[in-house]
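I opened my notebook to look at how the helices pack and where the chains meet. Here is the model I worked from.

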Amino acid sequence: MNEVTRNKIKELIEKDEVCLFMKGTPEVPQCGFSLAVSNVLKHLNVNFKGINVLEDNEIREGIKQYSDWPTIPQLYVKTKFVGGCDIVKEMFEKGDLQKLLNIK
Amino acid sequence: MSLKAEEIKILIKKAIPDAEIDIIDTAGDENHYSATIKSKNFSGKSKIEQHKMVYKAIGDKMGNELHALALNTIEV
């Protein structure tokens, strides 16, 4: 990944507290896994930024290297990688996601 | 492109020899799977680290030959 892409990703995750790198948009997800994570966040009324990786191939490939994680979606909270669909769902079920996001 | 459930099992076993693996082909298309993996090697590791171990085992097939692999990793 080049420096420009790395900086672009860094700027994105620093700008919004909750960032979801996904296929499609929160309004129109293009993949079931992206839909699932987006729905969890919506359910919790979390204000999050959806970043559509299908619109930018450098971000799509770059984010996989950035987090050392091979799949999309990827959730970042306060610049930290939280996980993909399975981990986010599991954290939601256990209440850990709510804790991380300060939701009572 | 597709990957057989047996091939996925072999790849995971190679990296995590004690793994007990259950794989379901969720869409019946050899491209969307759900796997439950039990191993002693997961103990003391975060979920991210556990899933990364499985992804590393599958290597660059993940996201290419294999579109989707839902993971449930369990420490034993």
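**Cores first**

I began with the largest nonpolar core, which has 24 residues; A:Leu20, A:Phe21, A:Val37 and A:Val88 touch the most other members. A reminder to myself that this is a predicted model. I then checked which elements feed this core: α1 (3-15), β1 (18-22), α2 (32-43), α3 (57-67), β3 (74-77) and α4 of chain A each supply at least two residues.

Next I looked for a second core. I found a separate one of 14 residues, and its members include B:Ile12, B:Ile16, B:Ala35 and B:Ile58. I jotted down the general background too: nonpolar side chains tend to be buried together in soluble globular proteins.

**One residue up close**

What is A:Val88 in contact with, once neighbours within four places in sequence are left aside? I listed A:Val37, A:Val40, A:Leu75, A:Val82, A:Gly83 and A:Leu97. Two of these names, A:Val37 and A:Val40, came back when I turned to the helix pair below, where they sit in α2(A).

**α2 against α4 in chain A**

I looked up the axes of α2(A) and α4(A), which come within 9 Å and cross at roughly 30 degrees. Angles under 35 degrees count as roughly parallel, so I entered α2(A) and α4(A) as roughly parallel to each other. The crossing of α2(A) past α4(A) is left-handed.

For the residues, I noted A:Phe33, A:Ala36, A:Val37 and A:Val40 on the α2(A) side, meeting A:Cys85, A:Val88, A:Lys89 and A:Phe92 of α4(A). By class, I have 7 nonpolar residues, no polar ones and 1 charged in this contact.

**α1 against α3 in chain A**

Here I found axes that come within 10 Å, with α1(A) and α3(A) crossing at roughly 80 degrees. That angle makes α1(A) roughly perpendicular to α3(A). From α1(A), I wrote down A:Thr5, A:Arg6, A:Lys8 and A:Ile9; from α3(A), the contact has A:Glu58, A:Ile59, A:Gly62, A:Ile63 and A:Tyr66. I sorted the contact of α1(A) with α3(A) into 4 nonpolar, 2 polar and 3 charged residues.

**Where the chains meet**

How many residues of chain A are in contact with chain B? I have 8 from chain A, in contact with 11 residues of chain B. On the chain A side, helix α4 (residues 85-94) gives the most, with 3 residues. I also split that side of chain A by class: 3 nonpolar, 2 polar and 3 charged residues.

Terms used. Residues are numbered from 1 along each chain as its sequence is written. Chains are lettered from A and ligands numbered from 1 in the order in which they are written. This is a predicted model: local features need pLDDT of at least 70, side-chain atom pairs count only at pLDDT 80 or more; totals for chains, interfaces and linings use all residues. Two residues are in contact if their C-beta atoms, placed from the backbone, lie within 7 Å. Helices (H or I, at least four residues) and strands (E, at least two) are DSSP runs, numbered from the N terminus. Ala, Val, Leu, Ile, Met, Phe, Trp, Tyr, Cys and Pro count as nonpolar, Asp, Glu, Lys and Arg as charged, and the others, Gly among them, as polar. A nonpolar core is a set of buried Ala, Val, Leu, Ile, Met, Phe, Trp, Tyr and Cys residues joined through C-beta atoms within 7 Å. A residue is buried if 20 or more other C-beta atoms lie within 10 Å of its own, exposed if 12 or fewer, and partly exposed in between; C-beta atoms are placed from the backbone. Axes are lines fitted to C-alpha atoms, for helices over the stretch in contact, and angles run from 0 to 180 degrees between N-to-C directions. Angles under 35 degrees count as roughly parallel, over 145 as roughly antiparallel, 65 to 115 as roughly perpendicular and the rest as oblique. A crossing is left-handed if the near helix is turned anticlockwise from the far one by less than a right angle, and right-handed if clockwise.
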